[in-house]
Amino acid sequence: MPDDTHRRHGFRTRMSHAGRAGVRIHGFVNPPVHRGSTVLFPSCEARRAASARRFEQVMTYGTQGGPTHYALEDVIAEIEGGSRCTLVGTGLAAVTLPLMAYLRTGDHCLMPDSVYGPARAFATTLLARWGIETTFYDPCVDEAGMRALLRPNTKVVYTESPGSHTFEIQDIPAIARAAHAHGAKVLMDNTWGIHSFQPFAHGVDVSIQALTKYVGGHSDILLGSVTVNTEEDHLIVRSAASAIGHYASPDDVWLALRGVRTMPIRLKAQEAASIEVARWLEAQPQVKQVLHPALPSHPQHHLFLRDFTGGCSLFGVVLQPRYGEADMVRFIDSLSLFGIGASWGGYESLAIPTTGFITRTAGTGDYGGPMVRIHIGLEDVADLIADLERGLAALG
Ligand SMILES: *Cc1c(COP(=O)(O)O)cnc(C)c1O
(Lines give C-alpha, C1' and ligand atoms only; values in the text may rest on other atoms or scores of the structure.)
Protein backbone atom coordinates (compact mmCIF):
# COMPACT_ATOMS: atom_id res chain seq x y z
CA MET A 1 0.00 0.00 0.00
CA PRO A 2 1.27 3.53 -0.68
CA ASP A 3 3.18 5.13 2.19
CA ASP A 4 0.87 8.06 2.85
CA THR A 5 -2.30 5.94 3.09
CA HIS A 6 -0.37 3.62 5.35
CA ARG A 7 0.43 6.36 7.88
CA ARG A 8 -3.26 7.20 8.29
CA HIS A 9 -4.15 3.68 9.40
CA GLY A 10 -4.59 2.65 13.02
CA PHE A 11 -2.00 0.72 15.02
CA ARG A 12 -3.72 -2.66 14.59
CA THR A 13 -3.97 -2.24 10.83
CA ARG A 14 -0.36 -1.13 10.57
CA MET A 15 0.85 -4.05 12.69
CA SER A 16 -1.07 -6.42 10.39
CA HIS A 17 0.57 -5.04 7.26
CA ALA A 18 3.97 -3.57 8.21
CA GLY A 19 7.12 -5.39 7.15
CA ARG A 20 5.44 -7.48 4.48
CA ALA A 21 6.07 -4.87 1.79
CA GLY A 22 2.81 -5.82 0.08
CA VAL A 23 4.59 -8.77 -1.48
CA ARG A 24 3.20 -12.29 -1.39
CA ILE A 25 5.91 -14.89 -1.87
CA HIS A 26 4.31 -17.85 -3.68
CA GLY A 27 1.01 -16.40 -2.47
CA PHE A 28 1.70 -17.01 1.21
CA VAL A 29 0.59 -14.41 3.76
CA ASN A 30 3.85 -14.49 5.71
CA PRO A 31 7.36 -13.83 4.37
CA PRO A 32 9.72 -16.81 4.74
CA VAL A 33 12.70 -17.13 7.09
CA HIS A 34 15.86 -16.24 5.20
CA ARG A 35 18.87 -17.95 6.73
CA GLY A 36 22.37 -17.35 5.44
CA SER A 37 25.99 -16.45 5.99
CA THR A 38 27.53 -16.23 2.48
CA VAL A 39 25.91 -13.90 -0.04
CA LEU A 40 27.04 -14.48 -3.64
CA PHE A 41 27.64 -11.72 -6.21
CA PRO A 42 27.95 -11.87 -10.00
CA SER A 43 31.28 -10.00 -9.91
CA CYS A 44 33.87 -8.48 -7.58
CA GLU A 45 32.66 -5.03 -8.59
CA ALA A 46 29.05 -5.87 -7.68
CA ARG A 47 30.26 -7.11 -4.30
CA ARG A 48 32.37 -3.99 -3.71
CA ALA A 49 29.45 -1.71 -4.60
CA ALA A 50 27.09 -3.60 -2.28
CA SER A 51 29.60 -3.54 0.59
CA ALA A 52 29.88 0.24 0.36
CA ARG A 53 26.15 0.38 1.17
CA ARG A 54 26.10 -2.34 3.82
CA PHE A 55 24.43 -0.16 6.49
CA GLU A 56 21.47 0.49 4.16
CA GLN A 57 19.68 -2.88 4.32
CA VAL A 58 21.86 -4.17 1.48
CA MET A 59 22.76 -7.85 1.80
CA THR A 60 26.51 -8.44 1.77
CA TYR A 61 27.09 -11.08 4.44
CA GLY A 62 24.89 -12.80 7.02
CA THR A 63 26.09 -10.57 9.89
CA GLN A 64 24.75 -7.47 8.09
CA GLY A 65 21.26 -9.00 8.09
CA GLY A 66 18.91 -10.30 5.44
CA PRO A 67 15.30 -9.84 4.31
CA THR A 68 13.82 -11.28 7.52
CA HIS A 69 15.86 -8.84 9.65
CA TYR A 70 15.06 -5.88 7.41
CA ALA A 71 11.33 -6.60 7.59
CA LEU A 72 11.37 -6.53 11.41
CA GLU A 73 13.68 -3.48 11.45
CA ASP A 74 11.05 -1.59 9.46
CA VAL A 75 8.23 -2.71 11.75
CA ILE A 76 10.08 -1.70 14.93
CA ALA A 77 11.10 1.67 13.44
CA GLU A 78 7.43 2.20 12.63
CA ILE A 79 6.27 1.29 16.16
CA GLU A 80 8.87 3.60 17.73
CA GLY A 81 8.22 6.43 15.28
CA GLY A 82 11.89 6.44 14.21
CA SER A 83 13.61 6.15 10.86
CA ARG A 84 16.05 3.25 11.23
CA CYS A 85 16.38 0.22 13.48
CA THR A 86 19.21 -2.19 14.21
CA LEU A 87 18.45 -5.64 15.61
CA VAL A 88 20.67 -7.41 18.14
CA GLY A 89 20.51 -10.77 19.88
CA THR A 90 19.06 -9.66 23.26
CA GLY A 91 17.48 -6.68 24.96
CA LEU A 92 20.60 -6.30 27.07
CA ALA A 93 22.74 -6.14 23.91
CA ALA A 94 20.43 -3.32 22.75
CA VAL A 95 21.26 -1.52 26.01
CA THR A 96 25.03 -1.97 25.78
CA LEU A 97 25.43 -1.34 22.01
CA PRO A 98 24.55 2.39 22.01
CA LEU A 99 26.46 2.95 25.27
CA MET A 100 29.56 1.59 23.52
CA ALA A 101 28.75 3.46 20.32
CA TYR A 102 28.41 6.92 21.93
CA LEU A 103 30.91 6.79 24.83
CA ARG A 104 34.68 6.80 24.87
CA THR A 105 37.40 6.86 27.54
CA GLY A 106 37.18 10.03 29.63
CA ASP A 107 33.44 10.53 29.02
CA HIS A 108 30.79 10.76 31.70
CA CYS A 109 27.41 9.00 31.54
CA LEU A 110 24.23 9.67 33.54
CA MET A 111 21.91 6.78 34.38
CA PRO A 112 18.68 6.82 36.38
CA ASP A 113 18.93 5.07 39.75
CA SER A 114 15.95 2.94 38.67
CA VAL A 115 17.73 1.63 35.57
CA TYR A 116 17.41 -2.03 34.52
CA GLY A 117 19.85 -3.92 36.81
CA PRO A 118 22.10 -5.41 34.12
CA ALA A 119 22.47 -1.94 32.52
CA ARG A 120 23.74 -0.65 35.88
CA ALA A 121 26.10 -3.62 36.10
CA PHE A 122 27.46 -2.89 32.60
CA ALA A 123 28.18 0.71 33.61
CA THR A 124 29.87 -0.16 36.90
CA THR A 125 32.01 -2.95 35.44
CA LEU A 126 32.95 -2.65 31.75
CA LEU A 127 32.29 1.08 31.22
CA ALA A 128 34.19 1.85 34.43
CA ARG A 129 37.06 -0.38 33.30
CA TRP A 130 37.19 1.54 30.01
CA GLY A 131 37.56 4.84 31.87
CA ILE A 132 33.95 5.97 31.51
CA GLU A 133 32.38 7.25 34.72
CA THR A 134 28.65 6.85 35.41
CA THR A 135 26.58 8.85 37.89
CA PHE A 136 23.26 7.35 38.97
CA TYR A 137 20.67 10.09 39.31
CA ASP A 138 17.20 10.39 40.85
CA PRO A 139 14.87 9.33 37.98
CA CYS A 140 12.39 12.05 39.04
CA VAL A 141 14.91 14.82 38.34
CA ASP A 142 13.52 18.01 36.73
CA GLU A 143 15.16 20.13 34.03
CA ALA A 144 17.20 22.30 36.41
CA GLY A 145 18.23 19.20 38.36
CA MET A 146 19.42 17.56 35.15
CA ARG A 147 21.36 20.69 34.17
CA ALA A 148 23.15 20.51 37.54
CA LEU A 149 24.12 16.87 36.93
CA LEU A 150 25.69 17.50 33.52
CA ARG A 151 29.47 17.76 33.46
CA PRO A 152 31.61 19.13 30.62
CA ASN A 153 32.38 15.53 29.60
CA THR A 154 28.81 14.15 29.90
CA LYS A 155 28.08 12.60 26.51
CA VAL A 156 25.14 10.30 27.27
CA VAL A 157 22.04 10.85 29.37
CA TYR A 158 20.47 7.43 29.72
CA THR A 159 16.79 7.16 30.63
CA GLU A 160 14.27 4.41 31.32
CA SER A 161 10.65 5.27 32.00
CA PRO A 162 9.05 3.87 34.00
CA GLY A 163 12.02 2.61 36.00
CA SER A 164 12.72 -1.09 36.37
CA HIS A 165 10.88 -2.59 39.38
CA THR A 166 10.02 0.79 40.97
CA PHE A 167 8.13 2.38 38.03
CA GLU A 168 9.12 6.05 38.35
CA ILE A 169 7.96 7.98 35.27
CA GLN A 170 10.68 10.33 34.05
CA ASP A 171 10.09 13.80 32.61
CA ILE A 172 11.78 12.84 29.34
CA PRO A 173 11.13 16.12 27.44
CA ALA A 174 12.66 18.16 30.30
CA ILE A 175 15.64 15.82 30.60
CA ALA A 176 16.13 15.90 26.81
CA ARG A 177 16.04 19.72 26.72
CA ALA A 178 18.80 19.93 29.32
CA ALA A 179 20.86 17.17 27.67
CA HIS A 180 20.57 18.61 24.17
CA ALA A 181 21.47 22.14 25.29
CA HIS A 182 24.64 20.50 26.61
CA GLY A 183 25.32 18.49 23.45
CA ALA A 184 24.66 15.10 25.09
CA LYS A 185 22.71 12.25 23.49
CA VAL A 186 19.54 10.96 25.13
CA LEU A 187 19.25 7.17 25.19
CA MET A 188 16.06 5.54 26.44
CA ASP A 189 15.07 2.01 27.33
CA ASN A 190 11.48 2.18 26.05
CA THR A 191 10.55 -1.47 26.59
CA TRP A 192 7.67 -0.74 29.00
CA GLY A 193 6.26 1.98 26.74
CA ILE A 194 6.36 0.03 23.49
CA HIS A 195 3.79 1.71 21.26
CA SER A 196 2.37 3.90 24.07
CA PHE A 197 5.41 6.20 24.36
CA GLN A 198 6.77 7.79 21.18
CA PRO A 199 10.42 8.38 22.10
CA PHE A 200 11.46 10.66 19.22
CA ALA A 201 8.45 12.95 19.66
CA HIS A 202 9.63 13.47 23.27
CA GLY A 203 13.27 14.30 22.52
CA VAL A 204 14.94 10.89 22.69
CA ASP A 205 17.80 10.23 20.22
CA VAL A 206 18.19 6.47 20.62
CA SER A 207 15.39 4.12 21.68
CA ILE A 208 16.11 0.68 23.10
CA GLN A 209 13.64 -2.21 23.08
CA ALA A 210 13.83 -5.67 24.61
CA LEU A 211 11.75 -7.34 21.88
CA THR A 212 11.96 -10.40 24.13
CA LYS A 213 9.00 -8.91 26.01
CA TYR A 214 5.69 -8.00 24.29
CA VAL A 215 6.90 -8.28 20.68
CA GLY A 216 7.97 -11.89 21.25
CA GLY A 217 4.98 -12.26 23.56
CA HIS A 218 5.34 -15.97 24.22
CA SER A 219 8.46 -16.25 26.43
CA ASP A 220 10.31 -18.19 23.74
CA ILE A 221 12.72 -15.74 22.10
CA LEU A 222 15.42 -13.24 23.05
CA LEU A 223 15.87 -10.18 20.86
CA GLY A 224 16.66 -6.48 21.09
CA SER A 225 16.44 -3.37 18.93
CA VAL A 226 18.12 0.02 18.77
CA THR A 227 16.09 2.61 16.87
CA VAL A 228 17.18 6.11 15.85
CA ASN A 229 15.67 8.96 13.88
CA THR A 230 18.60 10.42 11.90
CA GLU A 231 20.98 8.92 9.35
CA GLU A 232 23.90 10.20 11.43
CA ASP A 233 22.75 8.25 14.50
CA HIS A 234 22.00 5.23 12.34
CA LEU A 235 25.59 5.18 11.04
CA ILE A 236 26.99 5.46 14.59
CA VAL A 237 24.82 2.59 15.89
CA ARG A 238 24.96 0.35 12.83
CA SER A 239 28.72 0.64 12.34
CA ALA A 240 29.27 -0.15 16.05
CA ALA A 241 26.94 -3.18 15.78
CA SER A 242 28.91 -4.32 12.77
CA ALA A 243 32.27 -3.73 14.47
CA ILE A 244 31.22 -5.69 17.56
CA GLY A 245 29.67 -8.49 15.48
CA HIS A 246 26.08 -8.24 16.69
CA TYR A 247 23.62 -10.59 15.07
CA ALA A 248 20.11 -11.87 15.64
CA SER A 249 18.90 -15.32 14.62
CA PRO A 250 16.53 -15.10 11.62
CA ASP A 251 14.34 -17.73 13.29
CA ASP A 252 13.89 -15.52 16.35
CA VAL A 253 13.38 -12.48 14.13
CA TRP A 254 10.69 -14.36 12.23
CA LEU A 255 8.95 -15.28 15.50
CA ALA A 256 9.09 -11.60 16.52
CA LEU A 257 7.49 -10.66 13.19
CA ARG A 258 4.73 -13.13 13.95
CA GLY A 259 4.39 -11.75 17.50
CA VAL A 260 3.95 -8.24 16.16
CA ARG A 261 0.72 -9.19 14.35
CA THR A 262 -1.11 -9.89 17.62
CA MET A 263 0.82 -7.49 19.86
CA PRO A 264 -1.74 -4.64 19.73
CA ILE A 265 -4.57 -6.81 21.07
CA ARG A 266 -2.35 -8.62 23.57
CA LEU A 267 -1.05 -5.30 24.89
CA LYS A 268 -4.53 -3.88 25.18
CA ALA A 269 -5.95 -6.94 26.91
CA GLN A 270 -2.99 -7.30 29.28
CA GLU A 271 -2.94 -3.60 30.11
CA ALA A 272 -6.67 -3.61 30.94
CA ALA A 273 -6.30 -6.77 33.04
CA SER A 274 -3.31 -5.31 34.88
CA ILE A 275 -5.27 -2.17 35.78
CA GLU A 276 -8.12 -4.32 37.08
CA VAL A 277 -5.76 -6.41 39.19
CA ALA A 278 -3.79 -3.32 40.33
CA ARG A 279 -6.99 -1.57 41.46
CA TRP A 280 -8.08 -4.68 43.34
CA LEU A 281 -4.67 -4.98 45.02
CA GLU A 282 -4.74 -1.31 45.97
CA ALA A 283 -7.91 -1.94 47.99
CA GLN A 284 -6.46 -4.84 50.03
CA PRO A 285 -5.44 -4.18 53.65
CA GLN A 286 -2.15 -6.09 53.24
CA VAL A 287 -1.06 -3.71 50.46
CA LYS A 288 0.56 -0.35 51.23
CA GLN A 289 0.86 0.91 47.66
CA VAL A 290 0.57 -0.25 44.06
CA LEU A 291 3.08 1.25 41.63
CA HIS A 292 1.22 1.25 38.31
CA PRO A 293 1.68 4.42 36.21
CA ALA A 294 -1.89 4.12 34.86
CA LEU A 295 -3.41 4.45 38.35
CA PRO A 296 -4.25 7.96 39.62
CA SER A 297 -2.42 7.07 42.88
CA HIS A 298 0.92 6.75 41.03
CA PRO A 299 3.24 9.62 42.07
CA GLN A 300 3.96 10.62 38.44
CA HIS A 301 0.53 9.80 37.03
CA HIS A 302 0.34 13.35 35.58
CA LEU A 303 3.46 12.69 33.47
CA PHE A 304 2.01 9.36 32.39
CA LEU A 305 -1.19 11.11 31.24
CA ARG A 306 0.83 13.82 29.47
CA ASP A 307 3.32 11.62 27.60
CA PHE A 308 1.88 8.08 27.27
CA THR A 309 -1.14 6.92 25.29
CA GLY A 310 -1.44 3.75 27.37
CA GLY A 311 0.67 1.27 29.26
CA CYS A 312 1.40 -2.41 29.61
CA SER A 313 0.93 -5.07 32.26
CA LEU A 314 4.02 -4.81 34.47
CA PHE A 315 3.77 -3.07 37.84
CA GLY A 316 4.94 -3.10 41.45
CA VAL A 317 3.23 -3.86 44.74
CA VAL A 318 4.48 -2.58 48.11
CA LEU A 319 3.26 -4.62 51.07
CA GLN A 320 2.51 -3.02 54.43
CA PRO A 321 5.65 -2.26 56.45
CA ARG A 322 4.54 -4.71 59.16
CA TYR A 323 5.55 -7.49 56.75
CA GLY A 324 9.16 -8.55 56.23
CA GLU A 325 11.04 -10.02 53.30
CA ALA A 326 10.20 -13.56 54.46
CA ASP A 327 6.45 -12.74 54.37
CA MET A 328 6.83 -11.37 50.83
CA VAL A 329 8.57 -14.57 49.76
CA ARG A 330 5.81 -16.65 51.40
CA PHE A 331 3.21 -14.62 49.51
CA ILE A 332 4.88 -15.24 46.14
CA ASP A 333 5.53 -18.92 46.86
CA SER A 334 1.87 -19.43 47.75
CA LEU A 335 0.59 -18.27 44.34
CA SER A 336 -0.31 -21.00 41.87
CA LEU A 337 -1.11 -19.09 38.65
CA PHE A 338 1.83 -16.67 38.86
CA GLY A 339 5.14 -18.12 37.70
CA ILE A 340 8.29 -17.18 39.60
CA GLY A 341 10.76 -16.06 36.98
CA ALA A 342 12.51 -13.22 35.19
CA SER A 343 11.31 -11.38 32.09
CA TRP A 344 7.77 -10.32 31.16
CA GLY A 345 5.57 -9.53 28.18
CA GLY A 346 4.53 -13.14 27.62
CA TYR A 347 1.02 -14.58 27.92
CA GLU A 348 1.57 -15.92 31.43
CA SER A 349 1.45 -14.03 34.71
CA LEU A 350 4.57 -13.73 36.84
CA ALA A 351 5.53 -12.54 40.31
CA ILE A 352 9.08 -11.97 41.60
CA PRO A 353 10.59 -10.26 44.64
CA THR A 354 11.87 -6.72 44.16
CA THR A 355 13.16 -6.23 47.70
CA GLY A 356 16.63 -7.70 47.96
CA PHE A 357 17.10 -7.72 44.18
CA ILE A 358 17.49 -4.06 43.27
CA THR A 359 20.31 -1.61 43.83
CA ARG A 360 19.61 2.07 44.55
CA THR A 361 22.40 4.54 45.34
CA ALA A 362 20.84 7.98 44.70
CA GLY A 363 18.79 8.08 47.89
CA THR A 364 15.65 6.70 46.27
CA GLY A 365 15.78 3.27 47.88
CA ASP A 366 13.08 3.38 50.57
CA TYR A 367 9.69 2.24 49.31
CA GLY A 368 8.19 1.70 52.77
CA GLY A 369 7.64 -2.06 52.71
CA PRO A 370 8.64 -5.27 50.96
CA MET A 371 8.06 -5.07 47.21
CA VAL A 372 6.91 -7.52 44.57
CA ARG A 373 6.93 -7.14 40.78
CA ILE A 374 3.82 -8.44 39.05
CA HIS A 375 3.35 -9.21 35.37
CA ILE A 376 -0.18 -9.89 34.16
CA GLY A 377 -0.60 -12.31 31.28
CA LEU A 378 -3.64 -13.37 29.28
CA GLU A 379 -5.36 -15.53 31.90
CA ASP A 380 -8.85 -14.71 33.22
CA VAL A 381 -8.66 -11.78 35.62
CA ALA A 382 -11.07 -13.41 38.09
CA ASP A 383 -8.76 -16.42 38.40
CA LEU A 384 -5.71 -14.21 38.93
CA ILE A 385 -7.47 -12.17 41.60
CA ALA A 386 -8.66 -15.34 43.38
CA ASP A 387 -5.06 -16.59 43.37
CA LEU A 388 -3.75 -13.28 44.79
CA GLU A 389 -6.53 -13.28 47.37
CA ARG A 390 -5.39 -16.69 48.62
CA GLY A 391 -1.77 -15.45 48.65
CA LEU A 392 -2.58 -12.32 50.64
CA ALA A 393 -4.68 -14.34 53.09
CA ALA A 394 -1.60 -16.50 53.70
CA LEU A 395 0.16 -13.34 54.89
CA GLY A 396 -2.27 -12.93 57.75
C1 LIG B 1 14.22 -7.59 29.99
C2 LIG B 1 14.72 -6.22 29.87
C3 LIG B 1 15.86 -5.93 29.12
C4 LIG B 1 16.75 -6.99 28.54
O5 LIG B 1 16.13 -7.86 27.67
P6 LIG B 1 16.73 -9.33 27.41
O7 LIG B 1 16.22 -9.68 26.05
O8 LIG B 1 16.19 -10.20 28.51
O9 LIG B 1 18.23 -9.22 27.45
C10 LIG B 1 16.20 -4.61 28.97
N11 LIG B 1 15.48 -3.63 29.53
C12 LIG B 1 14.39 -3.88 30.26
C13 LIG B 1 13.62 -2.73 30.84
C14 LIG B 1 13.97 -5.17 30.45
O15 LIG B 1 12.90 -5.42 31.23
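Biologist: Before we start, what counts as a pocket here, and when does a molecule sit in one?
Modeller: A pocket is an open set of grid points with protein on both sides within 12 Å along at least five of seven lines. A molecule sits in a pocket if more than half of its atoms lie within 2 Å of its grid points. Keep in mind that this is a predicted model.

Biologist: OK, so which pocket does the ligand take up?
Modeller: The ligand takes the space of the second largest pocket. That pocket holds about 620 Å³.

Biologist: What lines the second largest pocket?
Modeller: There are 34 lining residues, and Tyr116, Pro118, Ser164, Lys213 and Arg373 lie nearest the centre. Helix H5 (91-102) and helix H6 (117-129) are the elements that give two or more residues to that lining. By class, the lining has 16 nonpolar, 12 polar and 6 charged residues.

Biologist: And which residues surround the ligand itself?
Modeller: Going along the chain, you get Thr90, Gly91, Leu92, Tyr116, Glu160, Ser164, Asp189, Ala210, Thr212, Lys213, Leu222 and Trp344. That shell divides into 5 nonpolar, 4 polar and 3 charged residues.

Biologist: Let's talk polar contacts. What does Thr212 do with the ligand?
Modeller: An N or O atom in the Thr212 side chain is 2.5 Å from an oxygen atom of the ligand.

Biologist: How about Lys213?
Modeller: Lys213 has a polar side-chain atom 2.7 Å from a ligand oxygen.

Biologist: And Gly91, what atom does that one use?
Modeller: For Gly91 it's a backbone N or O atom, 2.8 Å from an oxygen atom of the ligand.

Biologist: How much of the ligand's accessible area does the protein cover?
Modeller: The ligand has 380 Å² of accessible area on its own, and the protein covers 90% of that.

Biologist: Switching to cavities. How many are there of 30 Å³ or more?
Modeller: The count comes to 2. The largest has about 150 Å³ of space, and the second largest has a volume of about 40 Å³.

Biologist: Which residues are closest to the centre of the largest cavity?
Modeller: Thr63, Gln64, Thr86, Leu87 and His246, out of 13 that line the largest cavity. The lining splits into 4 nonpolar, 7 polar and 2 charged residues.

Biologist: And which elements supply the lining of the largest cavity?
Modeller: Helix H4 (67-80), strand S1 (84-88) and helix H9 (231-244) each supply at least two residues. H9 gives the largest share, 3 residues.

Biologist: What's around the second largest cavity?
Modeller: Asn30, Pro31, Trp254, Leu257, Arg258 and Arg261 line the second largest cavity. By class, that makes 3 nonpolar, 1 polar and 2 charged.

Biologist: Last topic, backbone geometry. Is the peptide bond from Ser161 to Pro162 cis or trans?
Modeller: The Ser161 to Pro162 bond is cis, with omega near -5 degrees. Pro162 is placed in the loop between strand S4 (154-160) and helix H8 (172-182).

Biologist: What about His165, positive or negative phi?
Modeller: His165 has a positive phi of about 70 degrees, and it isn't a glycine. His165 is found in the loop between S4 and H8.

Biologist: Why bring those two up?
Modeller: Because most peptide bonds are trans, and most residues other than glycine have a negative phi.

Conventions. Residues are numbered from 1 along each chain as its sequence is written. This is a predicted model: local features need pLDDT of at least 70, side-chain atom pairs count only at pLDDT 80 or more; totals for chains, interfaces and linings use all residues. Side-chain values use heavy atoms; hydrogens and water are left out. A residue is near a molecule or strand if one of its heavy atoms lies within 4 Å of it. A polar contact is a pair of N or O atoms within 3.5 Å; within protein, one must be able to donate a hydrogen and the other to accept it, and residues adjacent in sequence count only if both atoms are side-chain atoms. Accessible areas come from the Shrake-Rupley method with a 1.4 Å probe; for residues, only the protein chains shown count as cover. On a 1 Å grid over the protein atoms alone, a cavity is a set of points where a 1.4 Å probe fits but cannot get out, and a pocket is an open set with protein on both sides within 12 Å along at least five of seven lines; lining residues have an atom within 4 Å of a point. Ala, Val, Leu, Ile, Met, Phe, Trp, Tyr, Cys and Pro count as nonpolar, Asp, Glu, Lys and Arg as charged, and the others, Gly among them, as polar. Grid points are joined across faces, edges and corners, and a volume is the space filled by probe spheres set on the points. Helices (H or I, at least four residues) and strands (E, at least two) are DSSP runs, numbered from the N terminus.
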